[in-house]
Amino acid sequence: MRAYQDMVFSTAARLAGNDTQAEDIAQEVFIRAYEHFADLRGSVTAGGWLKTVTTNLTLNYLSRYRKRWRLFSEMRSNSQDSEADGPELDWEVPDTVLADLSVEDRSAIVEAALKQLPDHQRLPLVLYHFEELSYQEIADRLNVSLTKIKTDIRRARAALLPVLQERGGAADTLDS
Amino acid sequence: MNTESEQKLEQVLHQAFKGLPPRRAPSTLEARVAESLARRASLPWWRVSFASWPVGARVAFVLICAALVAATILGGVSAYLGDRSLNQAAALLQGWVHPILVVMASAGGVASLVVRVIPPLWLYGILGFGILLYVTLFGLGAAAYRTLYLRSSSAGGGL
């Protein structure tokens, strides 16, 4: 368990955006792992199995507790879609971001920024950049249209960049 | 933002995310898992999930359930039939169903009579009022959701 607990917890925490929920999910993952202990012991695929179960449980957890709000969430995101499809962003994309920071500082800034994204942006973004799923796979997993996934990921990136730049700049100043 | 900028943004962020170490799990996690497993292990077999029951208990449970279902069906059928023939039983069944059909037919007749008697304008008015009521309640629900739920969920600070 010790070898995998950080991986399981961080996968759940990045997807859920909530440490308390992530700990609950991680606990459930390891209980399931215990039930399959005979299959997993010594298996080279144990890490992959744990990662898949963590991802599935987190998505189930989020959909179970937030299903009742889904209708209104979609209404909200649709209205936001129409608003945000209008003007284009007018800032330049830098060549790097957080590149001058230590891994620890970079990690802290990224994790904090991810938590502030709304679920419908954070989930596809994490699945794309951290779990390395394709757009189509994410759309299938989340049962959402491919177009909406691409839009949500694009907006999540656009929302993250200024935050990372701002906090990266602040951390850089503090370090120096 | 054009496609070129989007691709650049994707690369820049991917670079920023690349190689990030996993977050450290809370120190309480291991103890929580151990405690949960100990609690589950202390439960009697009949209080855990069916899949974890001993094989003998599972087989016995399935057999008992099947026997109960069979006994219920056979008992019900024999109690219903008694010493009647199948034709008598069918007639009895029809006797039960007939009043229900009569009530449904009467309700349908009353509904069609009401539709004929009430002026169409009134019907459209009632329909419109129902739709207005639905839209109002839906709007109130959406407003409450945005005000109460979204505001509280983004209280931690949005981007």
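This is a short tutorial dialogue on reading a predicted model with chains A and B.

Q: Before I trust anything here, what pLDDT does chain A average?
A: Start with the predictor's confidence in each residue, which is what pLDDT gives you. Chain A averages a pLDDT of 80, and 79% of its residues score at least 70.

Q: Where in chain A does pLDDT stay under 50?
A: Look at residues 82-88 of chain A. For that stretch the model has two contacts beyond four places in sequence.

Q: Okay, next the overall build. How many helices and strands does chain A have?
A: Chain A has nine helices and zero strands. Read along the sequence, then, you just get α-α-α-α-α-α-α-α-α. As for contacts in chain A with a separation of 6 or more, 66% are between residues 24 or more positions apart.

Q: What about the inside? Which residues have the most contacts in the largest nonpolar core?
A: The general idea first: in soluble globular proteins, nonpolar side chains tend to be buried together. Here, the largest nonpolar core has 43 residues, and the ones with the most contacts inside it are A:Phe9, A:Ala12, A:Ala26, A:Val29, A:Leu164 and B:Ala16. Several helices supply at least two residues each, including α1 (5-16) and α9 (146-175) of chain A, along with α1 (3-17) and α2 (28-41) of chain B.

Q: Why does this core lie between domain 1 and domain 2 of chain A?
A: Because domain 1 (1-68) and domain 2 (88-176) both give residues to the core.

Q: Can we zoom in on one core residue? What does A:Ala12 touch?
A: Leaving out residues up to four places away in sequence, A:Ala12 touches A:Ala22, A:Ile25, A:Ala26, A:Thr54 and A:Thr58. Across the whole of chain A, buried residues make up 32% of the 176 residues.

Q: Now the place where the chains meet. How many residues does each chain give to the contact?
A: Chain A gives 41 residues and chain B gives 33. On chain A's side, the elements giving two or more residues are α1, α2, α5 (70-84), α6 and α9. The largest share, eight residues, comes from α9(A). Sort that side by class and you get 26 nonpolar, seven polar and eight charged residues.

Q: Last one: is B:Ala57 buried or exposed?
A: To decide, count the C-beta atoms around the residue: 12 or fewer within 10 Å means exposed. B:Ala57 has 12 others in that range, so B:Ala57 is exposed. This residue lies in helix α3 (residues 55-81) of chain B. B:Trp45 is twelve residues from B:Ala57 in sequence and 9.3 Å away in space, C-alpha to C-alpha.

Key. Residues are numbered from 1 along each chain as its sequence is written. Chains are lettered from A and ligands numbered from 1 in the order in which they are written. A nonpolar core is a set of buried Ala, Val, Leu, Ile, Met, Phe, Trp, Tyr and Cys residues joined through C-beta atoms within 7 Å. A residue is buried if 20 or more other C-beta atoms lie within 10 Å of its own, exposed if 12 or fewer, and partly exposed in between; C-beta atoms are placed from the backbone. Helices (H or I, at least four residues) and strands (E, at least two) are DSSP runs, numbered from the N terminus. Domain bounds come from an automatic or database domain assignment. Two residues are in contact if their C-beta atoms, placed from the backbone, lie within 7 Å. Ala, Val, Leu, Ile, Met, Phe, Trp, Tyr, Cys and Pro count as nonpolar, Asp, Glu, Lys and Arg as charged, and the others, Gly among them, as polar. pLDDT is the predictor's confidence in each residue, from 0 to 100.
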